[in-house]
Amino acid sequence: MPPASTSSRAGKKAEAAPPDQRPGGLPDAGSRRDRGARLLSWYDRHRRVLPWRAAPGERADPYRVWLSEIMLQQTTVATVGPYFQEFLRRWPTVLDLAAADLDDVLRAWAGLGYYARARNLHRCAVAVARDHGGRFPDTEAELRHLPGIGDYTAAAVAAIAFDRPAAAVDGNVERVLARVFRVEEPLPAAKPRLRALAGALVPEARAGDHTQALFDLGATICTPRRPRCILCPWQPDCAASAAGVQEDLPRKAAKAEKPTRRGTAFLLCDGDGAVLLRRRPETGLLGGMMEVPSTDWTGTVPGADAVRAAAPLPGIGWRPVPGTVRHTFTHFHLELEVLAGRVPQPAPSVPGAVWVPRAGLEAEALPTVMRKVLRHALAADAAGPDGDGLAGDGLAGDGLDEDEGADG
DNA sequence: GACTCGTGGGA
DNA sequence: TTCCCAAGAGT
């Protein structure tokens with residue numbers, strides 16, 4: 001809900017004054033309305049067509065809006081596209097998703113990252129089905145109570161799906177407003193100020209279009225680098241542009257350096273090429289996803305004792321796979337050495353682990369880092385000195401594409 | 001507030 | 001190669 005405007009003077013249009021002289025101050029009512037009208041006019045001419053968006057004038061489906069907003073958290077439109085379509089195909093309504101098995105949801109989410117989102121997505125669907133009769137609540141406050149829905153998503157769904165006058169402040173909006181009002185304070189300390197500015201701009205009518213207009217403006221005009229100010233409907237109002245400092249805003253606090261963690265992973269195959277996998281703990285990094293067994297990932301190379309203790313079976317003739325699998329998470333780099341081994345048929349059962357046939361790997365809930373490990377180790381295995389063709393024909397069509405994660 | 005939590009693409 | 005970033009939430 002927008003805070004009350006800070007001024008009652010509404011008509012000082014005689015002065016062609018530069019935009020808000022007080023950096024970071026709230027706009028007066030007159031300039032606010034004018035800005036809002038220009039933004040919506042621009043949006044009507046330049047709105048992007050996206051899979052989750054309703055056609056102009058049509059009502060958005062709250063389920064699609066919510067699903068897209070969860071997927072789009074810290075994730076690009078291009079990445080989300082195929083996942084959104086596939087989820088919609090498999091689970092056309094929130095009730096379908098609520099009835100799905102969590103593991104199926106995790107499998108479908110694999111590769112998209114931030115896997116707590118997938119667990120909360122399912123929990124949220126169940127809550128909507130059980131507590132709200134299968135219909136999303138239409139207020140920001142009620143939405144905010146659902147799993148996986150924070151301040152931003154509650155406002156976005158309320159505005160886009162229900163046209164409520166809510167201020168959805170994401171990275172795009174923060175950037176646009178930090179520039180328009182020349183907010184010099186760095187993020188994240190500037191967030192309260194930016195939220196207040198965003199709230200003051202929300203119109204009573206067409207709040208959903210206003211919200212999406214800000215997204216589009218941030219995505220196509222007011223971009224992080226080289227903003228295209230000449231095309232911006234707010235350029236006449238923009239304090240940063242007037243001062244030529246738009247490229248410097250928003251300022252951001254320095255980030256911590258990423259440490260490197262290291263570990264040893266075990267690729268164990270049976271005589272048919274099936275791979276031994278286990279499920280990670282429900283919470284924490286890659287929570288609930290599948291993985292190949294490995295040592296802990298720590299700041300130092302695991303010693304022989306640690307490697308032996310972490311091996312899924314004793315007495316395996318482990319062969320080192322040449323090279324290193326590298327992967328970068330949000331807050332650390334990971335370097336994995338891989339040991340490959342084999343057991344004869346019939347493969348022994350391993351507590352807490354499962355044998356997955358080669359052809360079934362792609363459908364597993366395997367995060368990208370584990371697909372890198374498998375691709376790396378299986379490729380090396382196929383080309384190994386034994387020439388035993390363990391990988392056989394399994395690589396061409398199993399979707400485990402090689403990337404730059406391995407060297408050697 | 002400070003951390004944790006993925007991934008892929010672009011400069 | 002390295003860094004930055006993308007429609008953030010939970011603890």
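This section describes the DNA contacts, the cysteines and the internal cavities of a predicted model.

DNA strand C is surrounded by 24 residues. Gly148, Thr153, Asp170, Asn172 and Arg175 are the closest. Of the atoms of DNA strand C that come within 4 Å of the protein, 66% belong to sugar and phosphate. Two contacts with phosphate oxygens involve the protein backbone. A backbone N or O atom of Gly150 is 3.0 Å from a phosphate oxygen of DNA strand C. For Tyr152, a polar backbone atom lies 3.4 Å from a phosphate oxygen of this strand. Helix 8 (151-162) and helix 9 (171-180) are the elements that give two or more residues to this surface. A base is contacted as well. An N or O atom in the side chain of Arg48 lies 3.3 Å from a base nitrogen of DNA strand C. By class, the surface near DNA strand C comprises eight nonpolar, nine polar and seven charged residues.

DNA strand B has 19 residues around it. Tyr115, Leu286, His327, Thr330 and Thr368 come nearest. Sugar and phosphate make up 60% of the DNA strand B atoms that come within 4 Å of the protein. A polar backbone atom of Leu286 is 2.4 Å from a phosphate oxygen of DNA strand B. His331 uses a polar side-chain atom, placed 2.9 Å from a phosphate oxygen of the strand. On the base side, a polar backbone atom of Gln74 lies 2.9 Å from a base nitrogen of DNA strand B. Strand 4 (319-328) and helix 14 (368-382) each contribute at least two residues to the surface near DNA strand B. This surface holds eight nonpolar, ten polar and one charged residues.

The cysteines were examined next. The whole structure contains zero disulfides. Cys222 illustrates the geometry. Its closest cysteine sulfur is that of Cys232, 6.2 Å away, and therefore too far for a bond. The cut-off for a disulfide is 2.5 Å between sulfur atoms. Cys232 is likewise in no disulfide, with the sulfur of Cys222 as its nearest cysteine sulfur. Cys222 has a relative accessible area of 10% and is buried. Cys232 is also buried, at 17%.

A search of the whole structure gave two cavities of 30 Å³ or more. The largest cavity encloses about 100 Å³ of space. It is lined by 14 residues, of which Arg179, Cys222, Cys229, Cys232 and Cys238 are the closest to its centre. Cys222 and Cys232, the pair 6.2 Å apart at their sulfurs, are thus both among these central lining residues. Helix 9 and helix 11 (207-221) are the elements that supply two or more residues to the lining. Helix 9 gives the largest share, three residues. Helix 9 also contributes to the surface near DNA strand C. The lining of the largest cavity consists of ten nonpolar, three polar and one charged residues.

The second largest cavity has a volume of about 40 Å³. Its lining is formed by Ala166, Ala167, Ala168, Val173, Ala198, Val202, His210, Thr211 and Leu214. Helix 11 gives the most to this lining, with three residues. Helix 11 also gives two or more residues to the lining of the largest cavity. Seven residues around the second largest cavity are nonpolar and two are polar. No charged residues occur in this lining.

Definitions and conventions
Residues numbered from 1 in each chain as written. Chains lettered and ligands numbered in written order. Predicted model: local features only at pLDDT ≥ 70, side-chain atom pairs only at ≥ 80, totals over all residues. Heavy atoms only, no water. Near = heavy atom within 4 Å. Polar contact = N/O pair within 3.5 Å; in protein donor to acceptor, adjacent residues only side chain to side chain. Helix = DSSP H or I, 4+ residues; strand = E, 2+ residues; numbered from the N terminus. Nonpolar A, V, L, I, M, F, W, Y, C, P; charged D, E, K, R; others polar. Buried < 20%, exposed > 50% of the residue type's maximum accessible area, 1.4 Å probe, protein only. 1 Å grid on protein atoms, 1.4 Å probe; cavity = no way out; pocket = protein on both sides within 12 Å on 5 of 7 lines; lining within 4 Å. Points joined across faces, edges and corners; volume = space filled by probe spheres on them.
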